[in-house]
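Here's a quick briefing on how some strands, a core and a helix fit together. Have a look at the model first, then work through the points below.

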Amino acid sequence: MLCKSHPWIALGCLVLLIAAGCNDQSSTPTVTDGSDAVSGGGEASEVSDLSGTINIDGSSTVYPISLQVAEEFGKDFPNVEVTVGLSGTGGGFKKFMAGSTDISDASRPVKGSEIALGKENNIEFIELPVAYDGLSIVVNPANDFVDQLTVDQLKKIFLVDQAAKTWQEVNPEWPEEEIKLFIPGTDSGTFDYFKEVVAGKEGTIRGDEAVSTDENDNNLVAGVEKNEFALGFFGAAYYFSNKDRVKVVPIVNPEGEAVAPTPVTIENGSYAPFGRPLFIYISKSSSDKIEVGAFVDYYLENVPRVAAEVGYVALPEAVYGEGRKRYDETMTGTHFLDADGNKREGSLPEIYIEANLTE
């Protein structure tokens, strides 16, 4: 049900048209009508003349969630134009903090440097977690020798100061074949998260001729599929929807168990250290727009179901409740940095509490 705390609810239930597309050449084509939209979603049943535009950009990982929500919203609400782009988490935040977008999709929390840019442009934001993801490490289906990887082996492959060129350099029992890497670009929150886990603050991810980067995860899937000795990584949804094209590699977690990403292992935390929350960030000024209020209410109402349908894992209901409160009360800031700009540590339910909200 649409939230009654927003003044636009007096307009009644609405039904609108979207253009779910992109703002750059890396994005997928624009959807110009609701004829191909996924069915389901909200409870609206009456047509309204509400109109306007909503501009969303950012993470390619969050993109499938926001796109499906937008498509369903377009069936229930046909006169608002919503565009959904995928320029990467970092690229999305650059646009968002410059005031160019209403909502920013993100596969990591906002950084202090991004908040500083927003302050220069008087941008305030509301931070909403929307799902869990498991960053997935994949190889070509013909690869019959890699049955698991440790974080140390990933360091051996990806760090500049180690940079194993062949599989044999990772494990003497593996073939002496060059490793071709297909990874997200540096504007991607997926790249940032992987770098944080594998390289830490001091290490550097390699960028030599064996490495192909792309902000579009579909292109990464295709790269691994076409190269027998390839290795790549991207969000779990792209693995779940392409199981016939790539093979996932179980990762040895801190307890010493090799675990593959599944909805169960991502939710229970055993797929570690590559489980992570996903976010949307809403501009405070945009939240005053009636059409944005309608869309965000619709998003929060439907995202637990949509997240599961597109291959992610719904959050605990308590976390969604906290997000609902943040939005209804226009509580701006981040929960993931303290007042000194230091990163908070802990699980999402531990971090995403009102006491940790920092402007």
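Which residue in β12 is the bridge partner of Ser104? It's Tyr281. Keep in mind that this is a predicted model.

**The five-stranded sheet**
- Ser104's strand, β3 (residues 103-106), is joined to β12 (residues 275-283) by four bridges, and the two run antiparallel.
- Both belong to an open sheet of five strands with mixed pairing, ordered β2-β1-β3-β12-β4.
- β2 (80-84) and β4 (125-134) sit at the edges with a single partner strand each, so one side of each has no neighbour in the sheet.
- On average, neighbouring strands here are turned by 20° against each other, ignoring direction.
- Helix α2 (residues 89-97) lies across β1 (52-58), β3, β4 and β12, and runs at about 160° to β3.

**Strand β8 and its partners**
- β8 covers residues 230-234, and five of its five residues are buried.
- Both faces are covered: Ala230, Gly232 and Phe234 are on one side, with Leu231 and Phe233 on the other.
- β5 (residues 136-139) runs antiparallel to β8 through four bridges, with Ile137 partnered to Phe233.
- β6 (residues 180-183) runs parallel to β8 through three bridges, and Leu181 stands opposite Leu231.

**Leu231 and the core**
- The largest nonpolar core has 102 residues, and Leu231 joins Ile65, Phe158 and Phe295 as the ones touching the most other members.
- Helix α11 (residues 290-309) supplies the largest share of this core, ten residues.
- Leaving out residues up to four places away in sequence, Leu231's contacts include Ile137, Leu149, Phe158, Trp167, Leu181 and Val224.

Note on methods:
Residues are numbered from 1 along each chain as its sequence is written. This is a predicted model: local features need pLDDT of at least 70, side-chain atom pairs count only at pLDDT 80 or more; totals for chains, interfaces and linings use all residues. Side-chain values use heavy atoms; hydrogens and water are left out. Buried means under 20% relative accessible area, exposed over 50%, partly exposed in between (1.4 Å probe, protein chains only). Two strands pair if DSSP finds at least two bridges between them. A nonpolar core is a set of buried Ala, Val, Leu, Ile, Met, Phe, Trp, Tyr and Cys residues joined through side-chain atoms within 4.5 Å. Contact means heavy atoms within 4.5 Å. Axes are lines fitted to C-alpha atoms, for helices over the stretch in contact, and angles run from 0 to 180 degrees between N-to-C directions.
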